[in-house]
Amino acid sequence: MRWRDRLQHWIGRSGPRRKLIVIGIGYPSFSLGQALIDSRQFDIVAFIDDEPWTNRTQLLGTTVRYPSDLAALIRRHAVDGVVHIEGEPPVIADNIRDEALATGVSRIDLPADQPADAQLERIRAALANA
């Protein structure tokens, strides 16, 4: 590995980080969140969960918010994508999902059985095509 490649790996990828919201706080979402942080290419704006006892708690240094906050968070933070691992709760109500998608944000659905590196590649590809 050349010194420039090592330096970029050490300080993170060049360019601005893409902003994401992760739907869910279960282990698959937590693992994906950790992989996003480790990649140094993404900032997680929020995790979304519908349980009242998790609202405004911290997960990986990021606040857990209600689904009803989704569209406002997308607008306020200029979010690039909303990521959801298939089969993971919570289920987002149609009206909330439609309001979020009306902002123009990319919706990225990931298979639950993929390893984190494959999920990261799918996220990169989805955002590159957006």
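In the predicted model, strand 2 (residues 42-48) and strand 4 (residues 62-65) are paired in the parallel sense through 2 bridges. Within this pairing, phenylalanine 47 lies opposite valine 64 of strand 4. Strand 4 is also joined to strand 3 (residues 58-59) by 2 bridges, here with the two strands running antiparallel. In that second pairing, leucine 59 is placed opposite threonine 62 of strand 4. Strands 3 and 4 together form a hairpin in which 2 residues separate them; leucine 60, located in the turn, adopts a positive phi of about 55°.

These pairings belong to an open sheet of 6 strands with the order 3-4-2-1-5-6 and mixed pairing. Strand 3 and strand 6 are the edge strands, each pairing on one side only. In a regular strand, side chains alternate between the two faces of the sheet.

The largest nonpolar core comprises 17 residues, and the members that touch the most others are Leu20, Leu32, Leu36, Phe42, Val83, Leu110 and Ile123. Two or more residues are contributed to this core by each of strand 1 (18-23), helix 2 (27-39), strand 2, strand 5 (81-85), strand 6 (106-110) and helix 5 (116-128). Leucine 36 illustrates the packing: when neighbours within four places in sequence are set aside, its contacts are Leu20, Val22, Gln41, Phe42, Ile44, Leu120 and Ile123. A second core, separate from the one just described, contains 14 residues, among them Ile21, Ile23, Val45 and Leu73.

Empty space in the model was examined next. Rolling a probe the size of a water molecule over the atoms shows where such space is left. The largest pocket has a volume of about 250 Å³. Its lining consists of 14 residues, with Ile23, His84, Ile92, Arg97 and Arg107 lying nearest the centre. Strand 5, helix 4 (94-101) and strand 6 are the elements that supply two or more residues to this lining. By residue class, the lining of the largest pocket divides into 9 nonpolar, 2 polar and 3 charged residues. Ile23 thus appears in two settings, being listed both in the second core and among the residues nearest the centre of the largest pocket. Strands 5 and 6 likewise give two or more residues to the largest nonpolar core and two or more to the lining of the largest pocket.

Key
Residues numbered from 1 in each chain as written. Predicted model: local features only at pLDDT ≥ 70, side-chain atom pairs only at ≥ 80, totals over all residues. Heavy atoms only, no water. Pairing = 2+ DSSP bridges. Helix = DSSP H or I, 4+ residues; strand = E, 2+ residues; numbered from the N terminus. Core = buried A, V, L, I, M, F, W, Y, C linked by side-chain atoms within 4.5 Å. Buried < 20%, exposed > 50% of the residue type's maximum accessible area, 1.4 Å probe, protein only. Contact = heavy atoms within 4.5 Å. 1 Å grid on protein atoms, 1.4 Å probe; cavity = no way out; pocket = protein on both sides within 12 Å on 5 of 7 lines; lining within 4 Å. Points joined across faces, edges and corners; volume = space filled by probe spheres on them. Nonpolar A, V, L, I, M, F, W, Y, C, P; charged D, E, K, R; others polar.
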